[in-house]
Amino acid sequence: MKKGQAQIMEYILLSFFVVLIIVIATLLLTAWQITSVQSDQEKVFYDRAEFLLRAFTNSPYINKNTFKEGSMMEDSKLTAITCADLESLYGGGWFAEIESLEFKNECNDENYPLCGKWSYCKTDRPAVIFELPVNIYRKTTGEVDIGLLKVGLYSR
């Protein structure tokens, strides 16, 4: 083999390895970027769930106005508010359910105050659900019940 042919072969081999290293580095960086974006999306999802939980527990639209030491949801406000009202405040893609431990039947205008479950914007789509214990103030009797707030975010 002549000296010129050896140099050309050496140059081709070197070029091949440089291109191979560049392609591998590009693939690794792309994979790392994709996992980073997925992680950021998951963080945004959980941040939204936390925001919804805090918003429900602190909202003046469903909490007793004179109670200053945290949240106490008022049953009459829970019965009066609708899904459309809450969607105008918090957007779509979620549902909320407040359930008293004493009564298990769904609340509406006909059976209020002998009820203990309020559902907003709930559908049969799969969702990730977050739960939090809450106080429910019974306006007609002045009693306080223990309940469970469930906030679900629908998967995309």
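Ala 96 finds its bridge partner in Val 151, a residue of strand E5. That bridge belongs to a predicted model, so everything below describes a computed fold. The two strands involved are E2, residues 94-100, and E5, residues 144-154, and they run antiparallel to each other over 7 bridges.

Zooming out from that pair, the sheet turns out to be an open one with 5 strands. Going across it, the order reads E1-E4-E5-E2-E3, and the pairing is mixed. At the two edges sit strand E1 (73-74) and strand E3 (117-120), each of which pairs on one side only. E5 and E2 are next to each other in that order, in keeping with the 7 bridges between them.

As for the rest of the secondary structure, the chain has 3 helices to go with its 5 strands. Walking along the sequence gives the pattern α-β-α-α-β-β-β-β. Helix H1 covers residues 3-58, and a loop links H1 to strand E1.

That loop is worth a look, as Ile 62 lies in it. Ile 62 is buried because its relative accessible area is 1%, and the cut-off for calling a residue buried is under 20%. Leaving aside residues up to four places away in sequence, Ile 62 touches Phe 56, Met 72, Met 73, Glu 74, Lys 77, Leu 78 and Ile 81. Two of these contacts, Met 73 and Glu 74, fall in edge strand E1 (73-74). With Ile 81, the C-alpha to C-alpha distance is 7.8 Å, although 19 residues separate the pair in sequence.

Taken as a whole, the chain is no neat ball. Its radius of gyration is 28 Å, whereas a compact globule of 156 residues would come in near 15 Å. The box filled by the C-alpha atoms tells a similar story, at roughly 105 × 30 × 25 Å along the principal axes. Buried residues make up 29% of the 156 in the chain. Even so, among contacts between residues at least 6 apart in sequence, 59% bring together residues at least 24 apart.

On the surface side, about 10600 Å² of the chain is exposed, with carbon and sulfur atoms supplying 61% of that area. The chain carries 16 positive and 20 negative charges, and the mean positions of the two sets lie 9 Å apart.

Definitions and conventions
Residues numbered from 1 in each chain as written. Predicted model: local features only at pLDDT ≥ 70, side-chain atom pairs only at ≥ 80, totals over all residues. Heavy atoms only, no water. Helix = DSSP H or I, 4+ residues; strand = E, 2+ residues; numbered from the N terminus. Rg over C-alpha atoms; globule rule 2.2 N^0.38 Å. Buried < 20%, exposed > 50% of the residue type's maximum accessible area, 1.4 Å probe, protein only. Contact = heavy atoms within 4.5 Å. Areas by Shrake-Rupley, 256 points an atom, 1.4 Å probe, with all protein chains shown as cover. Lys, Arg positive; Asp, Glu negative; His and termini not counted. Charge placed at Lys NZ, Arg CZ, Asp CG, Glu CD. Pairing = 2+ DSSP bridges.
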